Amino acid sequence: MDCVVCPSCELKFDVDSEEMRTDGPMPRRFCHPCDRSGKKKAFTNEESRLRMKERMLTSPEKVMLCDARKRAKKKGFEFNLDESDIVIPDTCPVFGIPLFKGNGLQCPNSPSLDRLDSKLGYVKGNVVVISWKANDTKGDSTLAEIDAVIRWMEKTITNLPAQQPESQQAA
Ligand SMILES: [Zn+2]
């Protein structure tokens, strides 16, 4: 008798069982209860996270190059990079925080490909790897725009009401 193991709940089922039977040409991968409960989705998310983690550990430059090519195509940017253009430093050149390659999750410390001039595409000379936090902070702002934000922050933060001692204790 042929048995299959549902990779989500890890229970063993007979291929002809109620849980595994299918009307289509393809065998079921997950059992019916897992499919219905949505557990399968959580499992495949975890699975894809682990696969990404592995790819980011073995060849993070390839992953970033591939992602950049996809983004360029989607957004209509020029693209002429190859793997040698993706250089991942140990720390973010902007914030100095360590860059994590391969925890499989996007976090502030994830390496991220920045286009120096956001009007230009993913072209040689226009990309550098910085932390996702730095890239997110910069967005598509120009130097003049960032400068305006800094001047505005400096002005407004110095005008904030003085903090109450109670609220400092509470925090
Ligand atoms: Zn299952």
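**Exercise 1. Contacts and overall form**

Work out what share of the contacts between residues at least 6 apart in sequence join residues at least 24 apart, and then describe how spread out the protein is.

*Solution.* In this predicted model, 46% of the contacts between residues at least 6 apart in sequence join residues that are at least 24 apart. The next step is to list the elements, and the protein has six helices and four strands, which follow one another from the N terminus in the order β-β-α-α-α-β-β-α-α-α. The radius of gyration is 24 Å, well over the 16 Å that the globule rule gives for 171 residues, so the protein is more spread out than a compact globule. Along the principal axes, the C-alpha atoms fill a box of roughly 75 × 55 × 30 Å. As for burial, 16% of the 171 residues count as buried.

**Exercise 2. A pair of strands**

Determine how many bridges join strand 3 to strand 4, and decide whether the strands are mostly covered or in the open.

*Solution.* Strand 3 covers residues 111-115 and strand 4 covers residues 127-131. Five bridges join these two strands, which run antiparallel, and within the pairing Ser112 stands opposite Ile130 of strand 4. Turning to burial, strand 3 has four of its five residues buried and is mostly covered, and strand 4 is likewise mostly covered, with four of its five residues buried.

**Exercise 3. The nonpolar cores**

Identify the residues of the largest nonpolar core, and then find which elements give two or more residues to this core.

*Solution.* The largest nonpolar core has eleven residues, namely Met64, Leu65, Ala68, Leu81, Cys92, Leu99, Leu113, Tyr122, Val127, Val129 and Ile130. Helix 3 (60-75) and strand 4 are the elements that give two or more residues to this core. Apart from this core lies another one, of five residues, including Cys6, Met20, Cys31 and Cys34. As general background, nonpolar side chains in soluble globular proteins tend to be buried together.

**Exercise 4. Two residues of one loop**

Classify Cys92 and Ile86 as buried, partly exposed or exposed, and say what each residue touches.

*Solution.* Begin with Cys92, which lies in the loop between helix 3 and strand 3. Cys92 has 22 C-beta neighbours inside 10 Å, and because a residue with 20 or more is buried, Cys92 counts as buried. Leaving aside residues up to four places away in sequence, Cys92 touches Ile97, Leu99, Ile130, Ser131 and Ala134. One of these, Ile130, is 38 residues from Cys92 along the chain, yet their C-alpha atoms are separated by 5.0 Å.

Ile86 is also found in the loop between helix 3 and strand 3, but with 19 C-beta neighbours inside 10 Å it counts as partly exposed. With residues up to four places away again left out, Ile86 touches Glu61, Met64, Leu65, Leu113 and Val129. Ile86 and Met64 are 22 residues apart along the chain, and their C-alpha atoms are separated by 7.6 Å.

**Exercise 5. Residues and a helix in the open**

Decide whether Ala42 and Glu10 are buried or exposed, and then count the buried residues of helix 5.

*Solution.* Ala42 lies in helix 2 (residues 39-58), and with 12 other C-beta atoms within 10 Å this residue is exposed. Ala42 and Glu19 are 23 residues apart in sequence, and from C-alpha to C-alpha they are 19 Å apart in space. Glu10, in the loop between strand 1 (3-5) and strand 2 (12-14), is exposed as well, with 10 other C-beta atoms within 10 Å. The phi of Glu10 is near 60°, which is a positive value in a residue other than glycine, and in general most residues other than glycine have a negative phi.

Helix 5 (residues 143-158) has 16 residues and reaches 23 Å from its first C-alpha to its last, close to the 22 Å expected at 1.5 Å a residue. The number of its residues that are buried is zero, so helix 5 lies largely in the open.

**Exercise 6. Confidence along the chain**

Establish which elements have the lowest and the highest mean pLDDT.

*Solution.* The protein averages a pLDDT of 86, and 92% of the residues score at least 70. Among the elements, helix 6 (residues 165-170) has the lowest mean, 51, and strand 4 has the highest, 97. Over residues 167-171 the pLDDT stays under 50, and for these residues the model has one contact beyond four places in sequence.

Note on methods. Residues numbered from 1 in each chain as written. Predicted model: local features only at pLDDT ≥ 70, side-chain atom pairs only at ≥ 80, totals over all residues. Expected span 1.5 Å × (residues − 1). Pairing = 2+ DSSP bridges. Rg over C-alpha atoms; globule rule 2.2 N^0.38 Å. Contact = placed C-beta atoms within 7 Å. Core = buried A, V, L, I, M, F, W, Y, C linked by C-beta atoms within 7 Å. pLDDT = per-residue confidence, 0-100.
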